[in-house]
Number of protein chains: 2
Amino acid sequence: MTETNVSSAISTATAAALEPAKETKDRILDAAESLFVANGFQATSLRRITTMAGVNLAAVNYHFQSKEQLILAVMVRKLEPINRRRLSLLDRFEAETGPHPPSLEKVLAAFLQPIVDDQAAGVDLGSFPVLMGRLYTEPGGLMQKLFSAAFAPIAKRFKDAITRALPGAGPLDIFWGMHLTIGAMAHYLARPPALALLAGRDAAPVPNPSQSLGRLVAYMAGGFRALVSRSADSL
Amino acid sequence: MTETNVSSAISTATAAALEPAKETKDRILDAAESLFVANGFQATSLRRITTMAGVNLAAVNYHFQSKEQLILAVMVRKLEPINRRRLSLLDRFEAETGPHPPSLEKVLAAFLQPIVDDQAAGVDLGSFPVLMGRLYTEPGGLMQKLFSAAFAPIAKRFKDAITRALPGAGPLDIFWGMHLTIGAMAHYLARPPALALLAGRDAAPVPNPSQSLGRLVAYMAGGFRALVSRSADSL
DNA sequence: GTTTCAGTCATACGACTGTTTCAATCATAC
DNA sequence: GTATGATTGAAACAGTCGTATGACTGAAAC
């Protein structure tokens, strides 16, 4: 719980010679994150993590109690700033449009922009989203724990914004639209492996982030609107 | 490789007293499938599989050489009939429309119908799609191997059909649309855990399969078309 | 009636897992 | 300077893992 003692970890650091001033806790989180991305959660042992971090094996259980809580800590650390930016973007869009609610495209952009930016920046955030896809299918209810810890607050906020942007949409339309939109986004985020498979020969890696954002928003908004008009037709 | 010797496996069957006439190989596949669905690939040990199947531990490596090949065998066994039905549906739709290509909605329905049906039937096929989502994020290039084994042939066929149904669409539109569509579908299939999280209070489990198919098709076709018209606008 | 061989069996191998223990170490407050 | 409480260290814990081995079984081939 306490955050002291900067130099002691350095003196005995064997591996990870760079970044010598970092706390043990952060070194573990960094190593865990990169190994989780590369190999998955279950396939990554605590020994590999601590070796890469240049830290003693027992440090993990000392600082995080268990491997499962380490996984959650890795995810929360990455997710919090992204969700903060999502909310502030949504705030800004809502302020800009004054009395009217922002368009569906704006709301979707507020949700997608931060992760697209991070993917573009690439530096050390880009590879993270793969973890979300992994966690989603991981047994043990890990996703559920993470959801209530980091996602529940922003989910309601965006659900309301989408509802206001789509007058005439029933709650089931909203629900299905969000469900499928999250799926499309998650798949886009996990695209490194998926992309190569789908593309036979054409389709370059599409490095342009603003174009990616535009396509994502277009597809998802189009899907949402088609859902709503389908409901209207069938009445 | 050979398929003989029915009675010898029965005499010593300890657990799994039911279905006594099944071959060892099938018993292993059945047990592996249900355990993979429940706990994931890595978390399922060969010992649990063989115990549940009422089979000796060594039988797995005898029949499947390795755990990885067992996983692939489980997936291929489930995927093949689904892909067969997908292709025959597409064939039928193309025959029905005569000289014109079938609509985008028809093509998407041909792709989605078999899995929605299976989910509705539920009996023992419904839980399988969770595995696809799992495999997608599993390390070791497993998905790649499965893809080239079971998916590559139908991917090209549907890509062509979509291209014909969307005149004026560029190859990038098709590519992105398929990418995001597959994501939405995968997420829909893996919905058992996701659904409960997203739905605050409303939104019943939506048991009606034909309504599900309609919503899926509407969302995806709407997304596709919005992608195409976006490209047309920006030219 | 013997040979043959796919299939099953119990058992063991070596490696690796997450977690725990307890002594040693450190900066800091007294 | 010494006591204090947070960290770290090396080692071991009790399991589980996937795979390999070699003896045994039974039915079909000749």
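The following exercises, each with a worked solution, concern a predicted model with chains A and B.

**Exercise 1. Describe the secondary structure of chain A and how its contacts are spread along the sequence.**

Solution. Begin with the elements: chain A has eleven helices and zero strands. Read from the N terminus, the order is α-α-α-α-α-α-α-α-α-α-α. Turn next to burial, where 37% of the 235 residues of chain A count as buried. Finally, take the contacts in chain A with a separation of 6 or more: residues 24 or more positions apart account for 71% of them.

**Exercise 2. Identify the residues that touch the most other members of the largest nonpolar core, and the helices that supply this core.**

Solution. The core holds 70 residues, and those touching the most other members are Leu108, Leu112 and Tyr219 of chain A together with Leu108, Leu112 and Tyr219 of chain B. At least two residues of this core come from each of helix 6 (104-121), helix 8 (142-165), helix 9 (171-189) and helix 11 (209-233) of chain A, and from each of helix 6 (104-121), helix 8 (142-165), helix 9 (171-189) and helix 11 (209-233) of chain B. Leu112(A) may serve as an example: beyond four places in sequence, its contacts are Met185(A), Leu213(A), Leu216(A) and Val217(A).

**Exercise 3. Compare the end-to-end reach of helix 6 of chain A with the expected value, then locate its bend and list its buried residues.**

Solution. Step one is the span: the 18 residues of helix 6 of chain A reach 26 Å from the first C-alpha to the last, close to the 26 Å expected at 1.5 Å a residue. Step two is the axis, which bends by about 40° at Leu112(A), with a proline, Pro114(A), following within four residues. Step three is burial; the buried residues of this helix are Leu104(A), Lys106(A), Val107(A), Leu108(A), Ala109(A), Ala110(A), Phe111(A), Leu112(A), Ile115(A), Val116(A), Asp118(A) and Gln119(A).

**Exercise 4. Carry out the analysis of span, kink and burial for helix 8 of chain A.**

Solution. The 24 residues of helix 8 of chain A should span 34 Å at 1.5 Å a residue, and the end C-alpha atoms are 32 Å apart, which agrees. A kink of about 65° is located at Phe151(A), shortly before the proline Pro153(A). Buried positions in this helix are Met143(A), Leu146(A), Ala161(A) and Ile162(A).

**Exercise 5. Determine how helix 5 and helix 8 of chain A are oriented to one another.**

Solution. Two packed helices are described by the angle between their axes and the distance between the axes. Here the axes of helix 5 of chain A and helix 8 of chain A come within 9 Å and cross at roughly 10°. Angles under 35 degrees count as roughly parallel, and helix 5 of chain A is therefore roughly parallel to helix 8 of chain A. Among the residues making the contact are Ile71(A), Leu72(A), Met75(A) and Leu79(A) of helix 5 of chain A, and Leu142(A), Leu146(A), Ala149(A) and Ile154(A) of helix 8 of chain A.

**Exercise 6. Place Asn83(B) in the structure and state its contacts.**

Solution. Asn83(B) belongs to helix 5 of chain B. This residue is partly exposed, because 18 other C-beta atoms lie within 10 Å. Asn83(B) and Pro153(B) are 70 residues apart in sequence, while their C-alpha atoms are 9.4 Å apart in space. Not counting residues up to four places away, Asn83(B) touches Ala150(B) and Ile154(B).

**Exercise 7. Trace the surroundings of Tyr188(B) and Leu216(B).**

Solution. Tyr188(B) sits in helix 9 of chain B and Leu216(B) in helix 11 of chain B. A residue is buried if 20 or more other C-beta atoms lie within 10 Å of its own; Tyr188(B) has 24 and is therefore buried, and Leu216(B), with 25, also counts as buried. The two are 28 residues apart in sequence and 8.6 Å apart in space, C-alpha to C-alpha. Neighbours within four places aside, Tyr188(B) contacts His179(A), Leu180(A), Gly183(A) and Leu216(B). Leu216(B) in turn touches Leu112(B) and Tyr188(B).

**Exercise 8. Find where Gln65(A) lies and characterise its backbone and exposure.**

Solution. Most residues other than glycine have a negative phi. Gln65(A), although not a glycine, has a positive phi of about 70°. Gln65(A) is placed in the loop between helix 4 (58-64) and helix 5 (67-96) of chain A. With 11 C-beta neighbours inside 10 Å, Gln65(A) counts as exposed.

Terms used. Residues numbered from 1 in each chain as written. Chains lettered and ligands numbered in written order. Predicted model: local features only at pLDDT ≥ 70, side-chain atom pairs only at ≥ 80, totals over all residues. Core = buried A, V, L, I, M, F, W, Y, C linked by C-beta atoms within 7 Å. Buried ≥ 20, exposed ≤ 12 C-beta atoms within 10 Å, placed from the backbone. Contact = placed C-beta atoms within 7 Å. Expected span 1.5 Å × (residues − 1). Bend = angle between axes of the 7 residues up to and from the residue. Axes fitted to C-alpha atoms, helices over the stretch in contact; angles between N-to-C directions. Parallel < 35°, antiparallel > 145°, perpendicular 65-115°, else oblique.
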